Amino acid sequence: MVFNKIKREIKTFVCFWVLVIFSPFLITSFIVTSLWHRLWIRLLANRYGHKYEFCHRNTIRTLMDTFRNQGIFNFVVKVQGEIRPDAIRIKFQENVIEKKDKQGNACYPKMKLKLTTCWGNYAWIKNSSFNIDDHLVFAPPSFRGRMISETNIQDYLSNIVSKYLPADVPQWQMFVIPVMQPSGQKSQNVASTSKEQFSDSQNQYYYILLRIHHLLLDEENLCVKDLLCLVDEKNPSASIQNLDPKHHKNSLIDIVEPLVHIPKLYNTILACIVNRWNEFRYCFDPVLTENQSGNKNNNAENALQLIAVLVIISVTVIQKFYKGFHAVQDNLLIRTKYFQRVLKEECAKRNLSWEMISNAMAVTQVIRDIAKFWAWITLTFALTFPYKCLVELIAVIQFVSNGKPTRKSTFFSIFFEYIPLTTAAFKEGFYVFYSIYSAPMLIFQELFQRNKFCNIHSLQKVSLCGRKVISWSDKINIKELEHFQNQSHHEEIEIILAAISSSLHDFFTKINKNVAPPQQIDIGFTSINDQHLTGPSPINSDKTGMICLSLPLQNNNFNGNPVIRNQKLKKIRNVIEKLHETQLPNYILSKYNRQYDLFTNAIPKVVMRIFINYLSRKYPLIVTQVIDSNQHETEDAELKTLWGDKRFKGSHIRLAIVADALLSSNHGSISKGFKRHIDSIITDIK
């Protein structure tokens with residue numbers, strides 16, 4: 001045990017100093033790569049700007065895009081009501097395609113532009129032809145000779161998703177799909193509904209499938225809610241900022257402990273500095289001070305006032321220039337002129353001139369000021385020192401009798417307030433430093449050190465085609481999960497991961513019965529709030545990090561034995577608890593990379609693509625948890641389409657699968673077995 005700890009510390013030390021040694025090269029690579037990318041985009045814009053509008057962001061999604069993997073997002077929404085093609089087309093045209101901002105410009109102009117590549121970079125083709133009928137598709141009511149219903153809707157959607165979007169049209173499509181009702185009566189045939197209107201029915205519904213390229217979501221700052229024409233009637237101004245994070249506590253993804261004492265110490269010190277600065281300005285700023293006659297005193301009469309005025313002008317100029325830096329055009333000459341203008345304005349306010357400086361710095365005036373200053377210090381110290389000592393003594397007596405001093409202006413009270421806070425802040429600072437110190441070793445161990453229990457499996461060997469298929473599980477009642485959670489003290493995410501583990505075990509058993517499933521499988525895990533999907537927040541504003549975990553694959557053959565079930569759930573809990581020790585660097589790096597594109601701007605594209613291919617092979621599965629923002633609210637959001645139909649929203653969850661088309665024959669076993677395994681876990685406590 002001691003030898004392993006020593007070995008771990010040596011490895012941590014070596015990895016940290018290797019990073020320190022290579023950090024200048026990484027910083028240089030970041031500067032050179034990002035500047036080269038900007039320069040290359042400008043060269044292309046100067047050469048082809050009359051035809052193309054180039055994309056400036058350089059993201060991991062962009063690097064992963066190929067002809068076989070187009071980078072298309074697929075959103076499926078179930079809507080209650082009857083299909084009305086004319087109403088849908090008109091509302092979509094008005095509220096998406098032709099929507100204008102306050103200045104009269106199109107809100108989403110790139111929805112009408114074709115997407116192409118030019119010298120390895122994405123670009124929008126200007127003056128592209130656009131026809132909404134190429135994108136808004138009303139599907140026929142039958143598929144392969146059968147009416148579309150809940151029994152074959154997943155096959156039909158997979159058939160659409162598996163096809164590439166045409167390259168000669170803007171990269172998005174929306175399908176409106178009728179579904180035969182359980183009573184046997186299908187939705188109204190879209191071919192026969194031209195201008196006739198129908199009343200809503202509680203028993204009729206249809207599906208909307210939205211296919212859209214990720215660049216449209218990134219560059220247009222699009223909300224999926226706007227594209228699906230959803231509106232919240234009960235709370236139209238709902239925003240993700242109104243959510244309370246404590247309602248969505250998740251032990252798997254909440255691995256970053258928020259800093260408490262360092263921000264508190266910073267805010268306290270900052271408040272003291274601001275107060276002292278305001279007092280300093282009130283005493284010495286000519287704009288704020290008044291002379292004996294009551295008029296503004298705009299002249300520095302001595303050397304001390306001159307120095308104070310120079311300090312005030314310097315700080316004020318820096319503050320104003322910083323505030324207006326991004327508002328000014330990105331040009332060095334224009335920003336230099338802006339700085340000069342701010343400097344002249346502040347000097348003019350305080351009547352700063354060479355004549356005033358020479359008068360204030362006269363020899364006789366300086367000698368007189370120095371004498372006055374030392375006389376003031378001597379008298380002040382002699383008269384106030386006994387009183388200060390008495391006040392400090394009273395503060396000490398109050399602390400002994402009451403446990404804390406009541407006079408806030410004494411040095412003892414400041415010491416009493418700041419020392420515990422400073423000590424706690426230093427402890428947090430040491431935690432942050434050790435996390436940074438151990439981060440290189442943890443990242444190296446996670447990415448390049450092989451787990452002996454994670455054997456190479458079929459998902460790492462298969463050559464993918466890039467086309468996608470989808471499926472989803474049956475409904476799982478959240479109340480049943482919560483009831484089991486309260487009775488067994490296991491979190492919801494532990495139950496879900498246990499069911500996913502068993503479903504993957506069935507999947508590997510099905511695809512190759514002669515080979516035993518791996519004991520563990522490396523997967524990625526992240527989360528997203530549903531406000532980024534059907535809420536008012538753009539999907540590209542979600543900046544949640546990602547963690548990597550080794551999920552143990554286990555079969556849920558409990559045979560009605562709760563002891564075996566609890567042991568398997570405890571194994572999942574142990575995996576989650578271990579993540580808090582090892583996954584903090586991965587989570588923070590992935591989070592900030594999504595915000596600032598750190599890796600794609602620091603590493604050349606060729607090297608980055610090789611690294612992405614390696615990660616895709618190591619982590620072939622990504623699990624994304626969609627957090628319901630209204631799950632704990634007393635009243636669910638009432639989401640409707642702009643043409644009057646309601647979106648289905650219930651107190652249940654599903655497991656949705658998006659897989660490569662080469663796995664289409666077997667991937668359905670994961671979604672089909674998910675509910676069965678959930679039921680086997682919670683069956684005896686229902």
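Me: Let's begin with H580: where is its place in the chain?

Reply: H580 sits in helix 16, which covers residues 562-582. Keep in mind as we go that this is a predicted model.

Me: Is H580 buried, partly exposed or exposed?

Reply: H580 is partly exposed, because its relative accessible area is 32%, and that class lies between the 20% limit for buried and the 50% limit for exposed.

Me: How far apart are H580 and D254, in sequence and in space?

Reply: In sequence, 326 residues separate H580 and D254. In space, their C-alpha atoms are 8.7 Å apart. For the whole chain, take the contacts with a separation of 6 or more: 78% of them join residues 24 or more positions apart.

Me: How many helices and strands should I look for, and what share of the residues is buried?

Reply: Look for 20 helices and 19 strands. Of the 686 residues in the chain, 42% are buried.

Me: Let's turn to sheets. How do strands of a sheet pair?

Reply: They pair through backbone hydrogen bonds, and the pairing is either parallel or antiparallel. A good case here is the open sheet of three strands with the order 1-4-3, where the pairing is antiparallel. Strand 1 and strand 3 are its edge strands, each pairing on one side only. On average, neighbouring strands of this sheet are turned by 40 degrees against each other, direction ignored.

Me: What packs on that sheet?

Reply: Helix 1, residues 2-48, packs on it and touches strand 1, strand 3 and strand 4. The direction of helix 1 makes about 170 degrees with that of strand 1.

Me: Which residues stand opposite each other where strand 1 meets strand 4?

Reply: F54 stands opposite A123 in strand 4, and E53 stands opposite W124. Three bridges join strand 1 (residues 52-54) to strand 4, and the two run antiparallel. Strand 4 itself is mostly covered, with four of its five residues buried.

Me: And how many bridges join strand 3 to strand 4?

Reply: Five bridges join them, again with the strands running antiparallel. One pairing to find is C118 with its bridge partner N121 in strand 4. Strand 3 and strand 4 form a hairpin with two residues between them.

Me: What should I know about phi before I look at that turn?

Reply: Most residues other than glycine have a negative phi. W119, in the turn of this hairpin, has a positive phi of about 55 degrees. W119 lies in the loop between strand 3 (114-118) and strand 4 (121-125). With a relative accessible area of 59%, W119 is exposed.

Me: What is the phi of D597, and where is its place?

Reply: D597 is not a glycine, yet has a positive phi of about 55 degrees. Its place is in the loop between helix 17 (584-596) and helix 18 (598-602). D597 counts as buried because its relative accessibility is 10%, whereas W119 is exposed.

Me: What is a disulfide, and how many does the structure hold?

Reply: A disulfide is a covalent bond between the sulfur atoms of two cysteines. The structure holds zero disulfides. Two cysteines to look at are C118, buried at 6% relative accessibility, and C548, buried with a relative accessible area of 12%.

Me: What is the strand order in the sheet with mixed pairing?

Reply: The order is 14-13-15, in an open sheet of three strands. Its edge strands, each pairing on one side only, are strand 14 (547-552) and strand 15 (621-627). Strand 13 (residues 520-529) runs parallel to strand 15, and seven bridges join them. Among the partners, F525 is matched with V623 in strand 15.

Me: Last topic: how are two packed helices described?

Reply: By the angle between their axes and the distance between the axes. Here, helix 14 (residues 478-488) packs with helix 20 (residues 668-682) at an angle of about 35 degrees, and their axes are 10 Å apart. The crossing is left-handed.

Me: Which residues meet where helix 14 and helix 20 pack?

Reply: From helix 14 come E480, L481 and F484, which meet I678, I681 and I682 in helix 20. By class, that contact has five nonpolar residues, no polar ones and one charged.

Conventions: Residues are numbered from 1 along each chain as its sequence is written. This is a predicted model: local features need pLDDT of at least 70, side-chain atom pairs count only at pLDDT 80 or more; totals for chains, interfaces and linings use all residues. Side-chain values use heavy atoms; hydrogens and water are left out. Two strands pair if DSSP finds at least two bridges between them. Axes are lines fitted to C-alpha atoms, for helices over the stretch in contact, and angles run from 0 to 180 degrees between N-to-C directions. A crossing is left-handed if the near helix is turned anticlockwise from the far one by less than a right angle, and right-handed if clockwise. Contact means heavy atoms within 4.5 Å. Ala, Val, Leu, Ile, Met, Phe, Trp, Tyr, Cys and Pro count as nonpolar, Asp, Glu, Lys and Arg as charged, and the others, Gly among them, as polar. A disulfide is a pair of cysteine sulfur atoms within 2.5 Å. Buried means under 20% relative accessible area, exposed over 50%, partly exposed in between (1.4 Å probe, protein chains only).
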